[in-house]
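Welcome to the tour. Open your viewer, keep the selection tool handy, and we will go from stop to stop together.

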Amino acid sequence: MLELKNLSYHVPAEDGTELTILNNISLTIPDDKLVVFTGPNGGGKTTLAKVIMGLVRPTSGQILYNGTDITDLDITERARLGISYGFQQPPRFKGLKVRDLLCIASGNEKLPKDICCDYLAQVGLCANDYLEREVDSSLSGGEVKRIEIATILARKGNLMIFDEPEAGIDLWSFARLTETFGDLHAKHAATMIIISHQERIIGLADEIIVIANGAIRHRGTKDAILPLILADTLGNCTLGKECLIK
Ligand SMILES: Nc1ncnc2c1ncn2[C@@H]1O[C@H](COP(=O)(O)OP(=O)(O)OP(=O)(O)O)[C@@H](O)[C@H]1O
Ligand SMILES: [Mg+2]
C-alpha cells in the first residue's frame, strides 16, 4: 500500500516568493489497484510521480510504502523496494543496446532472447528489429518510449508508475499497450499509477485522480469523474472569445 501524507513541494519564485507546485496532497493507494492521474497540463502530475519515485524531494509531508516511511530514501533504495517510474520524456542511453537495458532492468545479464522478445512484444516491438539497436538518437520518440515501458515490465516491480505512456505512440501500438496494462492489472501483477489523458487508459482505472493546481481536484470511478472533467474543460475559460480578441 502506498500512502502519501500531506505532501507539499515549493520552489523559490523569481520575485523572491515561493511557488507552490504540490499543495498538501494526501492519498492512499491499496495494493494491485490501477489508478490514473489525469488533469490539466502543469497541474503537478509528473512532479507527484517524481516525489513518489524519489527524484524530487518534497518540502513537507511523508510517503509510506507498505508501512515503511520512505520519505528519506533515494531513488536506488526505492527501486530496490520495487518502485519503478517511466519518464514522460525518457532519456536515451548512447552505447547501450535495447538488450542491455532489458538485462539490467531484469537483473539477469543473460536474459534469454525469447524473454526479451516477450517484453518487447508487449509494447508492440519486434525483438529482431530492436534488440541489437543502440538506445541513442537514431530511435524515434515513440520507439524510445516503448522501449522504456518494456524495461519497466522487465523490472517486475510491485509499484509501476507510467508517465503518459501514450505520448508519441501510434494507434496500433497504443492499442497493444492498453491491452498489456489491462492484462497486468487482471493478473494483479503490480500496483499501477498511470498518468494519462487518454480515455482508453482512464477506462482501465479502478480510480481516477484529477490533479490540478498542485492538489487533488476530484477522485472517483470513471463514471463519476468523466462528466466532471468535461464540465471543468468547458467551464475553464471565463473570458471566452474576449480572451482571443486580446
Ligand atoms: N523545479 C521547478 N521550478 C519551477 N517550476 C516548476 C518546477 N517543477 C515543476 N514546475 C512547474 O510545476 C507545474 C507542474 O509541473 P508538472 O510537470 O508536474 O505538471 P504535469 O501535471 O505533469 O503537466 P503535463 O500534463 O503538461 O505533463 C508546472 O507549471 C511546472 O512548470
Ligand atoms: Mg507531466
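Before the first selection, a word on residue classes: Ala, Val, Leu, Ile, Met, Phe, Trp, Tyr, Cys and Pro count as nonpolar, Asp, Glu, Lys and Arg as charged, and the others, Gly among them, as polar. This is a predicted model, in which local features need pLDDT of at least 70 and side-chain atom pairs count only at pLDDT 80 or more, while totals for chains, interfaces and linings use all residues. Residues are numbered from 1 along each chain as its sequence is written, and chains are lettered from A and ligands numbered from 1 in the order in which they are written.

**Stop 1: the ligand**

Select ligand 1 and the residues near it (C-beta atom, placed from the backbone, within 6 Å). You should pick up Val-11, Leu-19, Ile-21, Asn-41, Gly-42, Gly-43, Gly-44, Lys-45, Thr-46, Thr-47 and Gln-88. Two or more residues of this shell come from each of β2 (18-29) and α1 (45-53); helices (H or I, at least four residues) and strands (E, at least two) are DSSP runs, numbered from the N terminus. The largest share, three residues, belongs to α1. Colour the shell by class and you get three nonpolar, seven polar and one charged.

**Stop 2: strands**

Next, select β1 (residues 2-12) and β4 (residues 60-65), which run antiparallel and are joined by five bridges; strands pair if DSSP finds at least two bridges between them. Leu-4 stands opposite Ile-63 in β4. Add β5 (residues 68-69), and you have a hairpin of β4 and β5 with two residues between them. Look in the turn for Asn-66, with a positive phi of about 50°. Across this hairpin, Leu-64 stands opposite Asp-69 in β5.

**Stop 3: helix α3**

Now select residues 98-106. Which residues of helix α3 are buried? They are Val-98, Leu-102 and Ala-105, where buried means 20 or more other C-beta atoms, placed from the backbone, within 10 Å of a residue's own. These residues lie on the same side of α3, because they cover an arc of only 65° around the axis, taken from the directions from the helix axis to the C-beta atoms. Just after α3, Gly-107 takes a positive phi of about 80°.

**Stop 4: the core**

Finish with Ala-150 and Ile-194, which touch the most other members of the 61-residue largest nonpolar core. Such a core is a set of buried Ala, Val, Leu, Ile, Met, Phe, Trp, Tyr and Cys residues joined through C-beta atoms within 7 Å. Helix α6 gives the most to this core, with seven residues.

Technical notes:
A residue is buried if 20 or more other C-beta atoms lie within 10 Å of its own, exposed if 12 or fewer, and partly exposed in between; C-beta atoms are placed from the backbone.
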